[in-house]
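Subject: Structure handover

Hello,

Here is the structure for you to look through. Please open it alongside this message; my notes follow below.

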Amino acid sequence: MTQTQLAVAAGMPEKNADVRITQYESEGRHPKKPLRDSFARALHVSPAAISPPDMESAAGVIQILFMMEDLYGIQIDTIQSKLCLLIDPARMDSQLSEMVMEWLKMSQRMENGELTKEEYDMWRYNAPDNTDGSQPLTGRSEEET
């Protein structure tokens, strides 16, 4: 489907339709919800698939997970009857891979009792600036802990 065909199928006038679609694609303009819904119907997709993801809705979260599947190869599986997201570090750039591995390390430290939930949360709220682990988590020096 061409840009003009999409615009016309969504109910837009044909004149300059391709220009408007280009502006939406380049994020120079953002279509309002009724027009996004029309685009979705024309494309035979869910409006959530072409809308900015809303982290506070189930539809937004699943769209983010789908994007992560496309970009980073995450896979969904079950392990011991629990849903799990599997990440292949080889599919990420090295910086993201290092950040995710640091997240795993810090999460394990909290699970093992080496960090409190508050310390872990403080680390998360300040990541990625502190992902190398060099910043104290509580403001206390290593000698004080």
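Leaving aside its neighbours within four places in sequence, which residues is Ile 21 in contact with? There are five names to look up: Gln 3, Leu 6, Ala 7, Met 12 and Phe 39. Please keep in mind that this is a predicted model.

**The cores**

Ile 21 belongs to the largest nonpolar core, which has 10 residues in all. Leu 6, Ala 7, Met 12 and Phe 39 are also in that core. The other members are Ala 10, Ala 17, Tyr 24, Leu 35 and Ala 42. Helices H1, H2 (17-25) and H3 (33-43) each supply at least two residues of this core. A second core is separate from it and has five residues, among them Met 106, Met 110, Leu 115 and Tyr 120.

**The chain as a whole**

The chain has 145 residues, and 23% of them are buried. Its secondary structure comes to six helices and two strands. Along the sequence, the pattern reads α-α-α-α-β-β-α-α. Take the contacts with a separation of 6 or more: residues 24 or more positions apart account for 18% of them. The chain exposes about 10700 Å², and carbon and sulfur atoms supply 53% of that area.

**Salt bridges**

Side chains of opposite charge can pair when their charged atoms come close. The count here is five salt bridges. Three of the pairs are worth opening in the viewer.

- Lys 33 pairs with Asp 37, with the closest N and O atoms 2.9 Å apart. Both residues lie in helix H3, four residues apart, or about one turn of the helix. Asp 37 counts as buried because its relative accessibility is 18%, and the cut-off for buried is under 20%.
- Lys 105 meets Glu 102 in a salt bridge, at 3.4 Å from N to O. This pair sits in helix H5 (residues 94-111), three residues apart, again about one turn of the helix. Glu 102 is buried, at 9% relative accessible area. Lys 105 is partly exposed, at 39%.
- Lys 117 and Asp 121 form a salt bridge at 2.8 Å, N to O. Both are in helix H6, four residues apart, about one turn of the helix. Asp 121 is buried, with a relative accessible area of 13%. Lys 117 is partly exposed, at 42%.

The last pair does not stand alone: Lys 117, Asp 121 and Arg 124 are linked in a network of salt bridges.

**More on helix H6**

Stay with H6 for a moment. Glu 119 also lies in this helix, which covers residues 117-126. Its side chain reaches the backbone nitrogen of Thr 116 at 2.8 Å. Is Glu 119 buried or exposed? Glu 119 is buried, because its relative accessible area is 13%.

The segment after H6 holds Pro 128. The peptide bond from Ala 127 to Pro 128 is cis, with omega near 10 degrees.

**Unusual backbone angles**

Most residues other than glycine have a negative phi, and most peptide bonds are trans. The cis bond at Pro 128 is one exception to look at. Two more sit in the loop between strands S1 (75-79) and S2 (82-86). Gln 80 has a positive phi of about 50 degrees, although it is not a glycine. Ser 81 has a positive phi too, of about 65 degrees, and is not a glycine either. Are these loop residues buried or exposed? Gln 80 counts as exposed because its relative accessibility is 75%. Ser 81 is exposed as well, at 76%. The cut-off for exposed is over 50%.

**A surface patch**

Which residues make the nonpolar surface patch of about 340 Å²? The patch is made by Met 1, Leu 43, Val 45 and Ile 50. Met 1 is found in the segment before helix H1 (3-9). Met 1 counts as exposed, at 62% relative accessibility.

Best wishes

Definitions and conventions:
Residues are numbered from 1 along each chain as its sequence is written. This is a predicted model: local features need pLDDT of at least 70, side-chain atom pairs count only at pLDDT 80 or more; totals for chains, interfaces and linings use all residues. Side-chain values use heavy atoms; hydrogens and water are left out. Patches are made of residues with over 30% relative accessible area and no salt bridge: like charges are joined within 9 Å, nonpolar side chains (Val, Leu, Ile, Met, Phe, Trp, Tyr) within 5 Å. Accessible areas come from the Shrake-Rupley method with a 1.4 Å probe; for residues, only the protein chains shown count as cover. A salt bridge is a side-chain nitrogen of Lys or Arg within 4 Å of a carboxyl oxygen of Asp or Glu. Buried means under 20% relative accessible area, exposed over 50%, partly exposed in between (1.4 Å probe, protein chains only). Contact means heavy atoms within 4.5 Å. A polar contact is a pair of N or O atoms within 3.5 Å; within protein, one must be able to donate a hydrogen and the other to accept it, and residues adjacent in sequence count only if both atoms are side-chain atoms. A nonpolar core is a set of buried Ala, Val, Leu, Ile, Met, Phe, Trp, Tyr and Cys residues joined through side-chain atoms within 4.5 Å.
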